[in-house]
Amino acid sequence: MENSDPQQFTTPSSATPPEKDPETTAPRRVDRSLWRDPAVPSKRYLDSVDGRVLDPGTALSVQGVRPRSTVYVGPRLTVSRLFDIDNLLAKLAVTAQVLGWEAEVDGRRVEPDRELASRPPATERSGRLGVVRVTLVVATGSATQAPDGWVLLQHARAAYGLAAMHGVGLDHMVFLRPIDPNPVHDPNPVHDPNPVHDPNPVHDPNPVHDPNPVHDPNPVHDTNPAGVPTSAAVSSYAYAGSGGRQPISYVGPPPVRRPAEAIVGRRPVVATLDTGCGEHPWLTGVVRRDVTVDGEPIGYDDQATDPELFPDQVGALDGGIDPYAGHGTFICGLIHQACPDADIVAWRLVGSSGPIVESDLVEALARIAEVARRHRDGETGGHPIDILTLSMGYYHETPEDLLFDPTIYEILRLLGECGTVVVCSAGNDATARPMFPAAFTPWLDGNGPVSVRPDVVPIVSVGALNPNGTDALFTNAGPWVRAHVTGAAVMSTMPDFQGGLQPMARTEAYQRVRESLDPDDFSGLFAVWSGTSFAAPLFAGRMAAQMVEMLTGEHLHEDRAAARERGWAAVSATTDLAP
């Protein structure tokens, strides 16, 4: 893999300065009053990966570090391969020993080499992309507090200085937040103005009128698009009939895909890293699930935990469909509708209920970048990837300074150098706080961590619109959101799922069965759902449609420069970004 220089990543404080007001020489200030923190996930979700919440009000502090809240894997840190790994590991091991802990990598103890830890980090940087996971355990014969990555990192920063620990970070929890209307998730479903409870449902058809719409404080269980349990208006998207996941009947024709002989050159390829993709008539012959790196899978490939095959894997034994089940199939259907001529590659990294961790995301992205690089550089084992769409993200605790690790961006930058456009959902937390990796896009006001470079196709962040064209209330906002397409109450494909809920009423008349709607019977193979998770792939599909006529025969073996030119052309045609 080609060497990447992490120094080309800039922090917001050192980014290209914003335009200045003609009336003054002072640059515009960034308003952070709208950078509101998303709600904390439930204990059950935290416990699934030993997750912890960083509370800035009580977190261990060192001078020069002012963190924001975030969610991370408790007894773990990550060390970027872009830096001097041996030196950083030695510093962590020495610090851990003082705290009564030990640091392990791949189950092997890291020896606390004080001499190595005392040396300045090497100036040479590895060309490998990715991270090393450091697990913390209580040392033999010690009795001390539970190991915690943030605590260790802060002690190491205090001992060696902030700059010396650059490249070490938390292993953040990464979330998807689709909008799930399952009433089982609401501990007070009686308060839901269900038309069966209300003898005159027409009088109160608005779910915002629910007198207690916020009793479920968990945005992951009842995937509140805002992630904030105090906004009934934002929560309204989660109700069936208001954009939450619900079965529908589609009576139109399928998208028209031209036969292979009608394609001059090759089809554009859109890749997605999500819950994979299930079976659906529209997607047969369109989606590949078997692209690997030297036979090694990207993400997960075990059938037993596939959310697109088995929709009820967590929670009570009630047959309820998990929050993310069908998510990847829905995404693939949106890409296919927007560009029927595109080929789709689907990888699985997300489980049926989540969450995932940042280090797993880094590993999967590094392998995807290697697949794209090999194809672009004419090496064996590659596969074309014109667009990669990601519907996930996390909030970093220190995104405004040099403590912000550039590892993920360096992987995405390599994709951009190879002409791959990375499209990211902006997030569903109704906040202006930057969510990554979407916020690696060039910011409109110039205050972001990345500036426009003609030799790198930029990341494009996508927010969600309502069907009428206004911004969806749940979508994140700010100068780092560079495109908007419909993401609320969109229709797409679903696997043939039958959940545990039953029709509210069933009877028989004239030898025919009559029943009310079954709220989780997806045997009709289509659904309505909402979220920026779906705005991003829809935008990716529309961008692929821009590329269809660009991929003539001469592009089958094009170099990086030609691929970047095509990628930039598609970006410029669909956004206000320009090289």
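Start by selecting N87 and whatever surrounds it: leaving aside residues up to four places away in sequence, N87 touches L116, A117, R119, P120 and P121. Bear in mind as you click around that this is a predicted model.

**Stop 1: around N87**

Colour by secondary structure and you'll find N87 sitting in helix α2. Is N87 buried or exposed? Its relative accessibility is 1%, and the cut-off for buried is under 20%, so N87 counts as buried. Now show side chains and add K91 to your selection. The side chains of N87 and K91 are joined by a polar contact of 2.7 Å.

**Stop 2: helix α4**

Next, select residues 149-160, which form helix α4. Put a distance label between the C-alpha atoms at its two ends: these twelve residues reach 16 Å, close to the 16 Å expected at 1.5 Å a residue.

Zoom in on the N-terminal end. What caps α4 there? The cap is D148, with a side-chain oxygen 2.9 Å from the backbone nitrogen of W150. Then slide along to what comes after the helix. α4 is followed by G161, and the phi of G161 is positive, near 100 degrees.

Now pick out the buried residues of α4: G149, W150, V151, L152, L153, Q154, A156 and R157. Notice that Q154 and R157 are in that buried set along with V151, L152 and L153. What do the buried residues of α4 pack against? Light up two helix-and-strand groups in turn. One of the partners is helix α2 (85-98), where you just met N87. The strands on the list are β1 (51-54), β2 (70-80), β3 (101-105), β5 (131-138) and β6 (168-174).

**Stop 3: strand β2**

From that list, keep β2 (70-80) on screen. β2 is mostly covered, with eleven of its eleven residues buried. Its pairings are worth taking one by one:

- With β1, β2 pairs in the antiparallel sense over four bridges. Select R52 and look across to its bridge partner in β2, Y72.
- With β6, β2 is again antiparallel, joined by four bridges. Here the bridge partner of V79 is V168 in β6.
- With β5, β2 runs antiparallel too, and five bridges join them. Click S80 and you'll see V131 of β5 standing opposite.

While side chains are on, here's a rule to try by eye: in a regular strand, side chains alternate between the two faces of the sheet.

**Stop 4: the seven-stranded sheet**

Move on to an open sheet of seven strands, paired in parallel and ordered β9-β10-β8-β12-β13-β14-β15. Which strands are at the edges? They are β9 (287-288) and β15 (483-486), each of which pairs on one side only.

For a look inside this sheet, select β12 (residues 387-390) together with β13 (residues 421-425). Four bridges hold this parallel pair in register on your screen, and I387 has V421 as its bridge partner in β13.

**Last stop: zoom out**

Show the whole protein, which has ten helices and 19 strands. How much of it is buried? Buried residues make up 57% of the 579 residues. Switch on a surface and you're looking at about 23,900 Å² of exposed area, 53% of it supplied by carbon and sulfur atoms. Finally, think about contacts across the chain: among those between residues at least 6 apart in sequence, 78% join residues at least 24 apart.

Conventions. Residues numbered from 1 in each chain as written. Predicted model: local features only at pLDDT ≥ 70, side-chain atom pairs only at ≥ 80, totals over all residues. Heavy atoms only, no water. Expected span 1.5 Å × (residues − 1). Buried < 20%, exposed > 50% of the residue type's maximum accessible area, 1.4 Å probe, protein only. Contact = heavy atoms within 4.5 Å. Polar contact = N/O pair within 3.5 Å; in protein donor to acceptor, adjacent residues only side chain to side chain. Pairing = 2+ DSSP bridges. Areas by Shrake-Rupley, 256 points an atom, 1.4 Å probe, with all protein chains shown as cover.
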